[in-house]
Amino acid sequence: MKLDERTVEMRTETTDVLASWARLVVEERGAKGPRGRDVASLVSFLCQEMDWIAGHPAAVSFDEEVRQLLQRLSALFGPAPVRGMPLGACVEPECTGTLLAVTRGAGGSPGQVSCDAGHVLPPRQWLMVAGQRARWSQ
């Protein structure tokens, strides 16, 4: 078996960072800890505690550390493939383009809603577009 040292190192760093934040939650909140010390268990636990973490004074540090991990992981493995899911006609006046929900990876949440004619809808308009699509499909 051949292991890539960079990948093993990155996994260890990821586990250490996530475990550190899980420990903070357990110690300060008195919450029951994650099921295990593997990345999936730590991520699941931290996701469940996200509201508490977001209100914590160290929330900015949490965001910075996770963002740095994601950047290093992306540099190591490359970006996930981009997919565009058609949402229907563009909502911009006089535009004949099609709106696309642009996601990275399978089943990901949209990172952007854009039109194939070139313009991008800001996130505040996404729910409006979703509501229009739901009404049109009825």
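I looked up the contacts of leucine 46 (contact means heavy atoms within 4.5 Å). Not counting residues up to four places away in sequence, Leu46 touches Leu18, Trp21, Ala22, Val25, Ile53 and Phe62. The model is predicted, so I kept to its limits: local features need pLDDT of at least 70, side-chain atom pairs count only at pLDDT 80 or more, and totals for chains, interfaces and linings use all residues. Residues are numbered from 1 along each chain as its sequence is written, and side-chain values use heavy atoms, with hydrogens and water left out.

Next, the largest nonpolar core (buried Ala, Val, Leu, Ile, Met, Phe, Trp, Tyr and Cys residues joined through side-chain atoms within 4.5 Å; buried is under 20% relative accessible area, exposed over 50%, partly exposed in between, with a 1.4 Å probe and protein chains only). It has 14 residues, of which Val25, Phe45 and Leu46 touch the most other members. Helices H1 (5-29), H2 (39-48) and H4 (59-77) each give two or more residues to this core; helices are DSSP runs of H or I, at least four residues, and strands are runs of E, at least two, numbered from the N terminus. H1 supplies the largest share, 7 residues. I also noted a second, separate core of 7 residues, including Cys90, Cys95, Cys115 and Val129.

Then I checked H2. Its buried residues are Ser41, Leu42, Phe45 and Leu46. They fall within an arc of 125° seen down the axis, so they line one face of the helix; the arc is taken over directions from the helix axis to the C-beta atoms. The face turned away carries the exposed residues Ala40, Cys47 and Gln48.
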